[in-house]
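I opened this model to look up a few things by hand. My notes are below, in the order I took them.

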Amino acid sequence: MIAILDFGSQYSELIARRIRETQVYSEVLPYRTTAEQLKKLSPHGIILSGGPSSVYDEGAPTVDPKIWELGIPVIGVCYGMQVMVQQLGGVVKRADRAEYGKASLHIDEEETLFPGVEDGATMWMSHGDSCLKLPTGFEVLAHTENTPCAAIAHPEKKYYGVQFHPEVVHSVGGAVLIRNFVYKICECEPTWTPEAFVEEAVREVRGKVGDKRVLLALSGGVDSSTLAFLLHKAIGDQLVCMFIDQGFMRKGEPERLIEIFKDRFHIPVEYVNARDRFLAQLEGVSDPEEKRRRIGHEFIQVFEEKSQELGPFDYLAQGTLYPDVIESADTNVDPKTGERVAVKIKSHHNVGGLPKDLRFKLVEPLRKLFKDEVRKVGRSLDLPEEIIQRHPFPGPGLGIRIIGEVTAERLNILRDADFVVRDEIKKQNCYQDFWQAFAVLLPIRSVGVMGDKRTYAHPVVLRLISSEDGMTADWSRVPYDLLETISNRMVNEVKGVNRVVYDVTSKPPGTIEWE
Ligand code: XMP
């Protein structure tokens, strides 16, 4: 295990992911973690992350000085290196010239850190401070034009420091350097594999849950589906999945989900058909926030009623992932028992909060995983590819892709239009080229002509986008032929649509969804 002490860098999570890509487990911990606490975790190595502070600022964060007595290899990255230098007796000062962006790294000593990294490799720099004097026992391993101490080491103690960011993709050879630290210096074994994770998670869940019953709100997305597969492997039919069909899913999706879970994998799913209830809630409502609020509220109602009907349950399974854990720290911990409790169902169920008297204990076996690791675990549990690769889909589903009031008729039109988009990009083998690909139905009508007849029907907006994480996005520059085929099919196959427009707005300033 590699422990990352986080000084607030935007890259700390990324360092953890890079380490895990080498099949070694790593965790992001607060920089205040004491040597005693670290000792209990017995990491093979410690990484001090970057951060926004300057070591000579008053109250600048540092690590517990006892960490330097643990005998564990340490590498400091950027601010982390400066903390190391200052705490061990060196001097850090504001650099004559700050260095941001790419720089060529000149390796002075290949040693253990740089085998496999080319001399002159491009590394990503982002610092205004520099190391002026090294602590005793340290030597320079590499420099750049502006930074004489771009990489340093105390070889006997196995302390290393790099002023650049090996974890970002622009750093050529950064991944090799990380591997060298993990394997050559820390002597880790490649034990972080999906199979090993599943084995341990199954053991842990069995130990925690015993013979009690667990309820899971299944949405059909990759997180809740992987969770269901994992828990079913661990506790069999003590798991009950509740799938609430709000009527806002895509064409054929509820049926397909039941087919996969119940028929193919024999995982118990309680299908709750709540289509009419949700539609009734949305009657006459066209304000986007009000629509979301009502959908969320109705979800809680249905969930509560059905869980009482099917219950009692001791545990609620939740698909919390590692980034949520890092962000929320331990705010949702019951002070009496120390266990995490559900005060909020994950936003993908789009629920504001659970009523106070409905407090379940939580089972969150995915809480150590990043999203890409969930996919790998899903694969190792034989979760079908169609679920693993499914585009993200918002909790309120098609309900927020019909602008204005949601009616049964409009839902039918949009469901068919959405089907055409997905069907066509799958046929043309480009489903994976998009982060999301969907249709939005506008409540207005425009005039068209089909055959010899005048039409007066809805326009559909086609939204094809690329993104890394949904936070920012760009509209996809697709071939005109693809747009043409989708447009043709949409107007010919979907009754109620006579026009297709393409959304060429990125995020920001637009959002991905229209509501
Ligand atoms: P926006 O529209 O904010 O969307 O750019 C960013 C990403 O989040 C998804 N999204 C939601 N997901 N519940 C969800 O689980 C929601 O209420 C919700 N609203 C938007 C959206 O599809 C995109 O991937």
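These entries cover a sheet, the helix on it, a listed site, a helix pair and one residue elsewhere.

**Entry 1: the sheet.** I am working with a predicted model. I began with an open sheet of 5 strands. I read its order as 12-11-10-13-14, with parallel pairing. Which strands stand at the edges? I found strand 12 (269-273) and strand 14 (361-363) there. Each has a single partner strand, so one side of each is left without a neighbour in the sheet. I also noted the twist: neighbouring strands are turned by 30 degrees against each other on average, direction ignored.

**Entry 2: one strand pair.** I looked at strand 13 (residues 315-317) beside strand 14. The two run parallel and are joined by 3 bridges. I picked out Y315, whose bridge partner in strand 14 is K361.

**Entry 3: a helix on the sheet.** Next I checked what helix 6 (residues 222-235) touches. It packs on the sheet and touches strand 10 (214-217), strand 11 (239-245) and strand 13. I noted about 160 degrees between the direction of helix 6 and that of strand 10.

**Entry 4: the listed site.** I turned to the UniProt record, an unreviewed entry. Under "binding site" it lists S219, G220, G221, V222, D223, S224 and S225. I followed up two of these residues. D223 is in helix 6, and so is S225. Is D223 buried or exposed? I count 20 other C-beta atoms within 10 Å, and the cut-off for buried is 20 or more, so D223 is buried. S225 has 27 C-beta neighbours inside 10 Å and counts as buried. Leaving aside neighbours within four places in sequence, I find D223 in contact with G319, L321, L366 and V374. With the same exclusion, S225 contacts G220, G378, L383 and I387.

**Entry 5: a helix pair.** I then looked at helix 13 (residues 408-427) and helix 14 (residues 480-493). They pack at an angle of about 145 degrees, with axes 10 Å apart. The crossing is right-handed. From helix 13, D416, A417, V420, V421 and E424 meet T485, I486, R489, M490 and E493 of helix 14. I sorted the residues of this contact into 5 nonpolar, 1 polar and 4 charged.

**Entry 6: A35.** My last stop was A35, in helix 2 (residues 35-41). It has 15 C-beta neighbours inside 10 Å, so it counts as partly exposed. Not counting residues up to four places away in sequence, A35 touches D64, K66, I67 and L70. I noted A35 and I67 as 32 residues apart in sequence, yet 4.9 Å apart in space, C-alpha to C-alpha.

Terms used
Residues numbered from 1 in each chain as written. Predicted model: local features only at pLDDT ≥ 70, side-chain atom pairs only at ≥ 80, totals over all residues. Axes fitted to C-alpha atoms, helices over the stretch in contact; angles between N-to-C directions. Helix = DSSP H or I, 4+ residues; strand = E, 2+ residues; numbered from the N terminus. Left-handed = near helix turned anticlockwise from the far one by under 90°. Contact = placed C-beta atoms within 7 Å. Nonpolar A, V, L, I, M, F, W, Y, C, P; charged D, E, K, R; others polar. Buried ≥ 20, exposed ≤ 12 C-beta atoms within 10 Å, placed from the backbone. Pairing = 2+ DSSP bridges. UniProt positions renumbered as here; feature names shortened; annotations may be inferred.
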